[in-house]
Amino acid sequence: GQKADAKKSAKPEDEMGTIEGQTIARSNGKFLGLTLRDGMFVLSFYDEKKKPAKADVTRATARWNDPHAPGYKRAVFTPEANGLKLAATTFVRPPYAFKVWITLLKGEGDAAQAVESYTIDFSG
């Protein structure tokens with residue numbers, strides 16, 4: 001029993017991590033986690049083993065159907081101080097069941113380039 005336990009604990013970095021919120025598989029083999037914090041979207045970044053990673057984009061945008069009014073709501077995600085997450089400041093009203101379009105951007109201002117986009121059936 002002890003040898004098996006020692007083998008298990010010797011390589012914890014090989015174990016898969018846990019993604020917070022709704023999992024989005026990226027085209028580069030990494031992952032995103034989309035959650036709501038205080039009613040606002042937060043996008044977390046993860047490596048191939050689902051361990052927290054630094055955001056590899058400058059910012060992101062989200063667009064979703066507003067169940068309370070015609071048209072779409074939009075939000076811009078900017079980096080948090082720790083560099084691991086991008087957070088939006090637009091309040092999302094419940095019910096939390098809608099389609100959301102996420103675009104990841106690199107660069108600043110008018111020079112920003114869309115590098116990835118995802119469509120998610122969000123349920124928070």
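I began with the contacts of I19 in this predicted model. Leaving out residues up to four places away in sequence, I found I19 touching F31, L32, G33, Y46 and K50. I then placed I19 in the chain: the residue sits in the loop between α1 (2-10) and β1. Is I19 buried or exposed? The relative accessibility is 12%, under the 20% limit, so I entered I19 as buried. I also noted the distance from I19 to S44, which is 8.3 Å between C-alpha atoms, with 25 residues separating the two in sequence.

Next I traced the sheet. I read eight strands in an open sheet, ordered β1-β2-β3-β6-β5-β4-β7-β8, with antiparallel pairing. Why do β1 and β8 each have one side without a neighbour in the sheet? I found β1 (22-25) and β8 (113-123) at the edges, where each has a single partner strand, so one side of each is left open in the sheet. For the twist from one strand to the next I noted an average of 25°.

I looked at one pair inside this order. Strand β4 (residues 59-65) runs antiparallel to strand β5 (residues 72-79), and six bridges join them. On this pair I marked A60, which stands opposite F77 in β5.

Last I checked R59, which lies in strand β4. Which side chain of opposite charge is nearest to R59? I found E108, at 4.2 Å; R59 is buried and has no salt bridge. The salt-bridge cut-off is 4 Å. With residues up to four places away in sequence set aside, I listed the contacts of R59 as V76, F77, L86, T103, L104, L105, G107, E108, G109 and A112.

Key: Residues are numbered from 1 along each chain as its sequence is written. This is a predicted model: local features need pLDDT of at least 70, side-chain atom pairs count only at pLDDT 80 or more; totals for chains, interfaces and linings use all residues. Side-chain values use heavy atoms; hydrogens and water are left out. Two strands pair if DSSP finds at least two bridges between them. Helices (H or I, at least four residues) and strands (E, at least two) are DSSP runs, numbered from the N terminus. Axes are lines fitted to C-alpha atoms, for helices over the stretch in contact, and angles run from 0 to 180 degrees between N-to-C directions. Buried means under 20% relative accessible area, exposed over 50%, partly exposed in between (1.4 Å probe, protein chains only). Contact means heavy atoms within 4.5 Å. Lys and Arg count as positive and Asp and Glu as negative; His and the chain ends are not counted.
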